Amino acid sequence: MTSEDFCAISADWLKSLEVASSTGDVPSFVSHFLSNGWIRDLLCFSWNFRSLSGPNEIHEFLSEVVDGKPRIEHSGLRDFKLDDHTVNAPSPFTLPGPQGIEGVQGAFTFSITQPAALGRGFFRLTQDVDGRWKALTLFTNMQDLVGYEESLADQHGLYEDRKITWEEDVDARFRAIEADPTVLIIGGGQSGLMTAARLRRLGIRTLVIEKNARVGDSWRKRYPNLTLHTLAGQSSMLYSPYPSTFPKYIPKGKLANFLDSYAVDHELCIWLSSRIQSTPVYDSSSARWTVEVQRGDQKVFVNPKHLVLATGIGSPRIPTWNGMDEFQGALYHSDLHKDAEQFRGKRVVVVGAGNASADICQDFVAHGAAEVTMVQRGATCVISSSAMEQTQFKSPFPDDTPIEEFDFRTNSMPLALLLQLSLSGGVQHVKMLDKELHEALSKVGFNLTWELSPGSGEVGLAGFIFKRLAAGTMLDIGCCKLIIEGKVKIKQGQDISHLNKDGITFKDGSKLSADVIVLATGNEPIMETTRALLGNEITEQLPPEVWGLDSEGELNQIYRPSGHPGLWFAIGGFAFSRFFSKHLGLQILARELGIA
């Protein structure tokens with residue numbers, strides 16, 4: 001087929017869908033989907049994130065009564081227009097798996113009646129058994145509230161009526177924020193910074209508090225050889241792509257410095273060396289928090305309407321074994337790894353077999369440790385950087401395409417469907433790219449898996465990311481070669497019984513002597529960090545998990561209602577924050593306008 005054919009198929013389907021939507025005809029709207037079709041809706045039909053599969057679920061969702069009208073009529077999606085002048089114009093697609101699903105995909109714009117908003121959607125059409133084009137997926141995404149559109153232009157500069165300088169303008173704005181912040185963000189890492197930058201562009205007064213003395217220290221203080229394990233392009237910051245001179249995998253110090261400059265460039269109001277001093281209190285009558293902040297040597301009270309936790313992936317998980325206090329060598333969590341050089345010529349054991357363990361093992365080998373052993377107690381999902389670049393990191397667009405177009409298409413796919421595709425053959429494709437690597441690892445006793453639990457099916461990296469925040473994975477950037485060559489030895493499959501003064505004893509009676517033991521044992525659940533900040537009373541009002549997938553396949557509590565008024569979570573990798581910070585901003589803005 002030609003591009004004209006793709007446009008014609010898309011236009012016909014979209015025109016018919018608009019008639020069904022604008023007339024509130026739920027059965028007709030649902031008839032535009034395959035029997036296994038999906039709709040993923042972000043804030044267009046409800047003030048939440050929803051993924052529905054199959055005619056019955058979609059029909060029930062759109063038929064629910066909202067303010068006396070069926071949801072489809074209340075929301076009133078209309079003015080559908082094919083987006084045929086961007087990189088997301090109608091085009092062919094093929095999904096991974098033995099079924100070889102093929103069809104036509106494309107973007108479109110639309111208007112929302114209630115609330116008055118603008119949206120953008122994406123569809124994937126395939127032919128049913130009768131040859132009719134139907135939706136495998138439909139994505140509806142709120143872009144802006146009408147009259148409150150995101151501003152990308154600053155008002156600073158040289159023009160006639162300006163009475164104050166740029167510096168005076170920024171200072172006045174900071175003083176207004178500090179006096180009465182609408183939003184308080186706890187955490188000044190990449191998620192907190194991007195959320196603050198987004199809220200600023202939406203005109204929302206936002207104060208960030210960061211416990212470290214300098215923006216970027218959450219990266220700067222980590223282990224020396226840390227780099228991003230994702231490509232620079234996919235890990236870019238909102239509004240500010242990295243310079244073209246940056247390396248493909250950015251070192252942590254370079255990233256930390258970029259974050260520092262990002263906060264300055266985007267004029268973010270940040271209190272450094274600041275932390276929550278006591279448990280925040282929420283007053284439901286005023287819909288405000290009372291938060292005591294220790295800012296340097298001062299105690300300050302702020303009363304924001306919204307509290308955003310951008311506190312990262314959780315505190316270090318430190319297992320407890322008998323004899324830990326008897327061990328005479330160095331024992332610490334991987335988060336505290338600073339200097340492998342001091343252990344040159346020493347015997348090192350790293351407990352854990354994920355990304356942090358791999359990086360730290362590489363660091364010890366590079367700095368001349370006498371022996372490095374990785375303790376792999378279970379199995380690890382391993383994918384090489386080259387395979388990632390050919391699959392997850394591969395962009396369908398030209399190099400100069402804005403990352404926002406990539407984010408939009410990526411997030412148009414329902415997460416649960418993505419896992420289904422992984423189960424039905426997508427993982428096999430990725431495994432074939434790493435066949436030689438995996439065979440070599442297996443020969444030296446390294447245990448591999450692509451299942452979250454035995455027999456549950458191979459969901460691969462995507463499943464580990466969505467359900468475990470990537471715990472149990474290794475994106476290989478060199479450690480696997482060291483394992484295969486025997487420079488990093490593997491102790492596999494045995495749980496630790498206890499420690500003694502010389503090292504580790506395992507439950508099978510075997511022993512490992514060590515001068516250094518590093519616990520690359522991951523992090524505690526995010527909810528435990530939340531409990532430490534907010535106390536039991538508020539935490540018990542929340543659903544049990546932050547992150548992981550809910551029953552529909554949406555991430556629990558992330559950038560969406562948390563279950564407690566005025567409380568939000570902004571957590572996840574660069575791409576999550578870059579995209580979903582807009583949705584968090586729209587929800588907060590809507591609440592401030594009294595329309596949500």
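This is a short tour of a predicted model, with something to select at each stop.

**Stop 1: helix α17 and its partner α6**

Start by selecting residues 574-593, which form helix α17, and then add residues 190-201, which form helix α6. Look along the pair: the two helices pack at about 40°, and their axes are 9 Å apart. Angles between 35 and 65 degrees fall in the oblique class, so α6 is oblique to α17. The crossing itself is right-handed.

Now show the side chains where the two helices touch. On the α6 side, pick Gln190, Ser191, Met194, Thr195, Arg198 and Leu199. On the α17 side there is a longish set to click through, including Phe574, Arg578, Phe579, Leu584 and Ile588. If you colour this contact by class, you get six nonpolar, six polar and three charged residues.

**Stop 2: α11 against α17**

Keep α17 on screen and bring in helix α11, residues 403-411. How do these two axes cross, and at roughly what angle? They come within 10 Å and cross at roughly 80°, which makes α11 roughly perpendicular to α17. Select Ile403, Asp407, Phe408 and Asn411 from α11, then Arg578, Phe579 and Phe580 from α17, and you have the whole contact. Its residues divide into four nonpolar, one polar and two charged. You have met Arg578 and Phe579 already, in the contact of α17 with α6.

**Stop 3: the second largest pocket**

Stay with α11 for a moment. Which helix gives the most to the lining of the second largest pocket? The answer is α11, with three residues. To find the middle of this pocket, select Gly233, Gln234, Asp399, Thr401 and Ile403, which lie nearest its centre. Ile403 also takes part in the contact of α11 with α17. The pocket has a volume of about 660 Å³, and 29 residues line it in total. Sorted by class, the lining has 16 nonpolar, seven polar and six charged residues.

**Stop 4: a cavity**

How many cavities of 30 Å³ or more does a search of the whole structure find? Just one turns up, and it holds about 40 Å³ of space. Select Arg40, Phe49, Glu554, Leu555, Ile558, Tyr559 and Phe580 to see what lines the cavity. Five of these residues are nonpolar, two are charged and none is polar. Phe580 may look familiar, as it is one of the α17 residues in the contact with α11.

**Stop 5: α12 and α14**

Next, select residues 415-433 for helix α12 and residues 460-468 for helix α14. They pack at about 150°, with axes 8 Å apart. That angle is over 145 degrees, so α12 is roughly antiparallel to α14. This time the crossing is left-handed. Show Leu415, Leu418, Leu419 and Val427 in α12, which meet Gly460, Ala462, Gly463, Phe466 and Lys467 in α14. By class, that contact has six nonpolar, two polar and one charged residues.

**Stop 6: two backbone oddities**

Most residues other than glycine have a negative phi, and most peptide bonds are trans. Two spots here go the other way.

Zoom in on Gln114 and Pro115, which are joined by a cis peptide bond with omega of about 0°. Pro115 sits in the loop between β7 (102-112) and β8 (117-127).

Finish at Ala287, which has a positive phi of about 55° although it is not a glycine. You'll find Ala287 in the loop between β14 (281-283) and β15 (288-295).

Definitions and conventions: Residues are numbered from 1 along each chain as its sequence is written. This is a predicted model: local features need pLDDT of at least 70, side-chain atom pairs count only at pLDDT 80 or more; totals for chains, interfaces and linings use all residues. Side-chain values use heavy atoms; hydrogens and water are left out. Axes are lines fitted to C-alpha atoms, for helices over the stretch in contact, and angles run from 0 to 180 degrees between N-to-C directions. Helices (H or I, at least four residues) and strands (E, at least two) are DSSP runs, numbered from the N terminus. Angles under 35 degrees count as roughly parallel, over 145 as roughly antiparallel, 65 to 115 as roughly perpendicular and the rest as oblique. A crossing is left-handed if the near helix is turned anticlockwise from the far one by less than a right angle, and right-handed if clockwise. Contact means heavy atoms within 4.5 Å. Ala, Val, Leu, Ile, Met, Phe, Trp, Tyr, Cys and Pro count as nonpolar, Asp, Glu, Lys and Arg as charged, and the others, Gly among them, as polar. On a 1 Å grid over the protein atoms alone, a cavity is a set of points where a 1.4 Å probe fits but cannot get out, and a pocket is an open set with protein on both sides within 12 Å along at least five of seven lines; lining residues have an atom within 4 Å of a point. Grid points are joined across faces, edges and corners, and a volume is the space filled by probe spheres set on the points.
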